[in-house]
Structures are given as C-alpha cells and as structure tokens.
Amino acid sequence: MSIFVDENTTVIVQGLTGSQGRFHGLRNRDYGTKVAAGVTPGKGGTDVDGIPVYDSVKEAVEATGAIASFVVVPPRGAAEAILEAASAGISLVVCITEGIPAQDEARTVNILKRDFPTTRLIGPNCPGIISPGKCNIGITPGNIALPGGPVGVVSRSGTLTYQALHELSQQKVGQTTCVGIGGDPVPGTSFVDCLAAFEQDPETRAVMMIGEIGGSAEESAAEFISTSMTKPVVAYIAGQTAPPGRRMGHAGAIVSGNSGTAQGKMDALSAAGVRVAKNPTEAGEIMVDIVRSL
Amino acid sequence: MDLFEYQGKQYFERYDIPVSKGGVAVSVDEAVRIADSVGYPVVVKAQVKVGGRGKAGGVKLASTPEEARQHAGNILGMDIKGHTVERLWVEHATDIAKEWYASFTLDRAAQLHLLMLSVKGGVEIEEVARTDPEAIVKVHVDPSEGYSLSQAMNAVTKAGIDAEVRGETAKLLVSLYRCFVEGDCDLVEINPLVLTTDGKVHALDAKVTLDDNAMFRHPEWEEFAATDTTDEREKSAKQRGLNYVGLDGDVGIIANGAGLAMSTLDVVSQAGGSAANFLDIGGGANAALMASALDLINSDSNVKSILVNIFGGITRCDEVAKGIVQALAEVDLKSPIVLRLDGTNAEEGREILADHISDRLLVEKTMLDAASKAVAMAATKDSKG
C-alpha cells in the first residue's frame, strides 16, 4: 500500500498552462498518474496536450471527480489556489510553490484547519509525493524511485530526498511512498502526520526521515516515535554545521539562538530510539541493513 | 532580513506605533545637526544588527552639542562584536518611568502567532524567561482570526500593565500586530516598551525581521535591502540571483537544493574541512547560472578548492557540465574543482566534461569521496601557501 495517494488518485493541476505546470503536469502523467484536468482562470475550454483546462477547480472537480490537486502557481496566487481547491472539495492539495509569504501561509494553514479539516495540504515549497509505480504528484524525478516498498520516506528537503531515494534504489530497496513535506515554516503536513500514516500502512516496514535545522518538527517526531511507533526509523538531519541566525536556503531552515539546532534534533531522535546517521549516504546504508534483516 | 533600529522605528511609524523623535546620521556633523533639531538631551545610538551595544559603549546620552559631537565621534567606526558602526540614530532622550517588553512572532510548533508581553523589559527576554518565566504573558493568536482590542486588553491586564495606560498599551499592541501581519514581518519586538514619566507609552527600541518572501509586494523594502549586508560576497550573490551565505572556511561549495547544500557543508566538515560558503543554485539551473556561481566562488580569496555537488532532478547534469566548461573558458579559476554529478543526464554530463578532466577538474563518484578530495586539495594548497 501507500499513504495519501494510490494508483486510483485522480489529479487536477492548478496552473497547468504555465511553463512549470505544463512541464511537471505532463511528466506526472507520463509517469502514470491520473492527471484528469488543468485549472487556469480565463483559459477554460482549452487543453494542454489533450488534458482539458477549466476556469475553476469546482468545474474541474465536477467534470472529472478529481480528489487531488497539484498546485503549481506563483507565490502571490498560491494561497488563494490552495483555498480554492479545499472549498471545491479536494481532499489532497500538493503545493510545490517556493516563496509564499509566511503570513499568507500561516493564515491559509489555519483556515484549512478550521474550515476544511478533511483536506490535507502537502507543502508548500516541497517536491511533492510519490508512491513509486502508482502515482507521482509534484517534481520528484520518477525514475529514481523504486516500487514495491518496504521503506517509507518523509523529508523537508527536495534534492536531499532524491539523494535518499537514489541511495535506497541503488541497493534495490524500494519505497512505499515518499512525502516531501517542504522547507517552509508552516507546512500543511508534518513529520508526525506522515509517521502516523506509515505506522498504519501494512506494506511500510521501516521509515527514513530527513530533517533539517529550524523549528521543532523533528523533536515532535521524536516524541511521537517514542510513544506510538513500532517500526524502525532512520534519520538524517541536514545543517549540522550551519551558523545560527542565518537562513540556509529554505525559509524554515534557521537556527534561532539555541533552538532548532541539528544537534538538538539528533539527540532527541536518538533518545527516541531512532538510528541517526551523520550524512545521507550513511542513512541509506543503515536503512539497507535494517531492511535486509527484516 | 533584519532591520536596523532606525529602520524598524521608521517602519513602526507607518503603523502609528509611537517612537521617539530622531534621525539617522552617517557623519558627526550630521549627528549634531539632528541633535540640534530634535532638542537636547539626546541619545546617540550605534546602529548595528547585534545585541549588547549598550555595554559596548555604543549608546550615550548627550546634553549639549559638544557632548553629542564627542559621542558621535567615538561611536562612529566603533567595532561591536565584529560589526563596524557606520550609522547613528540620534533621538530626543526619554524620561523613563517603567520598562516593559512586547513582541509578536510565529510559534512554529503551534502554527499560530505568539504575543509575548512582560512588565520586565529592558533586559534580554531570554534572561527573564530563565529567571522569572511567570513574568511573561504568552498568548497565541490565530492568524486566520486576527487580533482585537479586547484580546489586547485582556493581555495587558494579565501582564500587570499600569491601569491608567492599559487602553493606550492595548491600542499599541493592536497596531504592532497590524505591523507584523500587514507589514509581513517574521518578528516585531519592542524592548523596552516604555512608560514615560509624563504617562505616555512608546517604543524605545525596535527589532524587526522582514519576511524576504514578501518582497514582491513591498517595493518600499528596496531601501532596507540596500543596507542589508556588508559582506561583499553576499552582495554580489544577490545581484546574480544566487542563494548564498558567506562562511569562514576554505572549501567553496556549490550544490543544487538547500537541503543538499546544507548536507554538503556537513560532509565537508566530517571530512575534516570547513566550508567557505553555502550556495544553492536552485532547481532547473542552466549553464549560465552555473558559470556565474563558479565566478562568484572564485572571487572569494579564502577559497582553496571548489566542491560542486549536484543531484540532478529538474536540474540537468548536462547543463551543469556545460556551465563548468563555460566557466573554465571564461574565468581564470584560482582553485581546483571537485565535482560529483548524479541523477538526470549524469552520463551526458560526464561525457561533456571528459576532455576537460585535469588536476584542475576532478570528478568523483560519490558525495563523500568528492568532499574528502576537496578537503584534501584545500589542505595541499594551504601547505604550499
């Protein structure tokens, strides 16, 4: 099985007519994802390589029965697009947009919690979600993921996620689902959400998590793992040498004073029984060992 | 982006948060002129983006033009924790009765805004949190609901703000929240928020961090961006559209993706070296951007070797390779490059580079091997002086 998506997930792409939307939307379709429609206000009635485009999410959902949306919309319109999807009944919104203002993001995530509690937002500023061989929503290169499980992957980073998938796939260790939760300060989906789903998923037998400096999501994950997780978890935290007070690329990757350090996160995860690797290669090696001994 | 105190105060004024009358000066004469115009006594304050300037002698009271001149002369050019004072803020001195603290920021764990309010201001809030946590009122604000005057009244009452100025303080908090949200700040902090001897409440200091992601809807931030960094490397990176943080080591780093770039710093450190910078060329980088990144790293005199770590997803390794070839032709590279290419079109990339491999350009198979090699080459160059 997989978490959050599967081979039946029908997807619309908000922003399909833009260059990014077209590129990634068509790549997702080529991978085998059921990309049923696109949405761009004012472009209804046109199509992108045979995929019909609608003016609104509501129309696209009525026409296709889609339950998921891939939001590829520039920062100034992304928050609105997420809320439009939720109000049209979409249950999974994947937003890759980098650079959404933090105030917009905080407001949007809280509106979702209050008014659309059944809608899950993955991202923003993430590579998306892939269940190898079944469904790929986002920008993850499908060819580096290997179907069949048994590893679930969850990560705050994009390229580092590809690195992790690559380390596993090279050793013929497959993945059930890989979720990029994104590098922003207020993500719609947390490590804990993904860990809980992987714990429930019978085909996932071990989980790799890739965190980074900033915030306390990894500490919350450690707490969850120690109380509620039976499956083995391997972790790597990026930014062990990052200086405090500097934003390292991602909006959320910043050590503030003594909080949000890689060491603090590594210590919390170790104390929760997680095997903590010092680099992504070692994380891959540890995971391969664990999978071979399952 | 962190603002200087004077910029923070100017920003506060736009949202009707009361601040002292003052002006910014870059010379002694200008400081005295401002002092004359705002009226003595004045406070001459060093403008640096680091705490502890008072203890360092960067904040002085002046009662006469002579004193203002003397203090301004002493403080301009002063070094405070590695920051050179280039600007002064000169403001009319305030008669302080009480010092309080107020801030709004994002509580990432709760995904809500957080107000912190305390009648123990004028000292580091972390210190108060440690010694007297009860003295800080912490209230979450739902970003989808906003912040009302009645919520603010509750907070000031709970914090123990003097009864006669509760209304005024609550109004200030509502304005501060509006500045935080509409002004797209990551942090607004007033420490101290003062009660004057004549019963007024106002911001004696201003700490404001702006959210860089909101730059597109704040053209007025241009002036803040102009004074944002004094690091020449960072200024140059910004002009080139590169995501760069200057560091102290000697291995120059180029990677695609923030996570991979951070991770590259980590493995360089694990190999016994130290990175000269963080540089993320982003997703979908083309040859021109890659060449520009190499040119930037090459201009850093601390760099002794360059580690290029690329995992191609959207970024195509053949484009990266072309960028390196272009840089080899156009830039007089002072340091050897160690390259690791994986992912999309990695084979094509390696083929493009095949004819260029030398002791100035090495290709390693894995990220760890590449890091070790780059660190070793930086050390060799070091020993040669």
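Start with B:Pro41, which sits in the loop between α2 (28-38) and β2 (42-46) of chain B. The peptide bond leading into B:Pro41 from B:Tyr40 is cis, and its omega is near -5 degrees. Bear in mind that this is a predicted model. Chain A has a cis peptide bond to show as well, joining A:Gly149 and A:Pro150, with omega about 15 degrees. A:Pro150 is in a strand, β10, which covers residues 150-155 of chain A.

Next, backbone angles. A:Asp49 is not a glycine, yet its phi is positive, about 50 degrees. Find A:Asp49 in the loop between β3 (47-48) and β4 (51-54) of chain A. B:Asp184 also has a positive phi of about 50 degrees, and it is not a glycine either. That residue lies in the loop between α6 (166-182) and β10 (185-196) of chain B. Is B:Asp184 buried or exposed? Its relative accessibility is 2%, so it counts as buried. A:Asp49, at 46%, counts as partly exposed, because partly exposed runs from 20% to 50%.

Another loop residue is B:Asn345, between β17 (337-343) and α12 (346-353) of chain B. With a relative accessible area of 26%, B:Asn345 is partly exposed. Which residues does it contact, leaving aside neighbours within four places in sequence? They are B:Arg316, B:Cys317 and B:Asp318. B:Asp318 is 27 residues away along the chain, but the two C-alpha atoms are separated by 5.9 Å.

Now the interior. In soluble globular proteins, nonpolar side chains tend to be buried together. Here the largest nonpolar core has 100 residues, and those touching the most other members are A:Ile137, A:Met209, A:Ile225 and A:Met248. Not counting residues up to four places away in sequence, A:Ile225 touches six residues if you list them: A:Leu195, A:Met209, A:Val233, A:Leu269, A:Ala272 and A:Val274. There is a second, separate core of 43 residues, with B:Ile161, B:Cys179, B:Cys185 and B:Leu210 among them.

On to empty space. The second largest pocket has a volume of about 540 Å³. Its lining is made of 30 residues, and nearest its centre lie A:Pro187, A:Gly188, A:Thr189, A:Ser190 and B:Gln111. In chain A, α4 (102-115), β7 (120-122), α6 (191-200) and α7 (217-228) each supply at least two lining residues. Sorted by class, the lining has 13 nonpolar, eleven polar and six charged residues.

Last, the layout of chain B. The chain is divided into domain 1 (21-92), domain 2 (96-222) and domain 3 (232-384). Taken over C-alpha atoms, the centres of domain 1 and domain 2 of chain B are 26 Å apart.

Technical notes: Residues numbered from 1 in each chain as written. Chains lettered and ligands numbered in written order. Predicted model: local features only at pLDDT ≥ 70, side-chain atom pairs only at ≥ 80, totals over all residues. Heavy atoms only, no water. Domains from an automatic or database assignment. Core = buried A, V, L, I, M, F, W, Y, C linked by side-chain atoms within 4.5 Å. Buried < 20%, exposed > 50% of the residue type's maximum accessible area, 1.4 Å probe, protein only. Contact = heavy atoms within 4.5 Å. 1 Å grid on protein atoms, 1.4 Å probe; cavity = no way out; pocket = protein on both sides within 12 Å on 5 of 7 lines; lining within 4 Å. Points joined across faces, edges and corners; volume = space filled by probe spheres on them. Helix = DSSP H or I, 4+ residues; strand = E, 2+ residues; numbered from the N terminus. Nonpolar A, V, L, I, M, F, W, Y, C, P; charged D, E, K, R; others polar.
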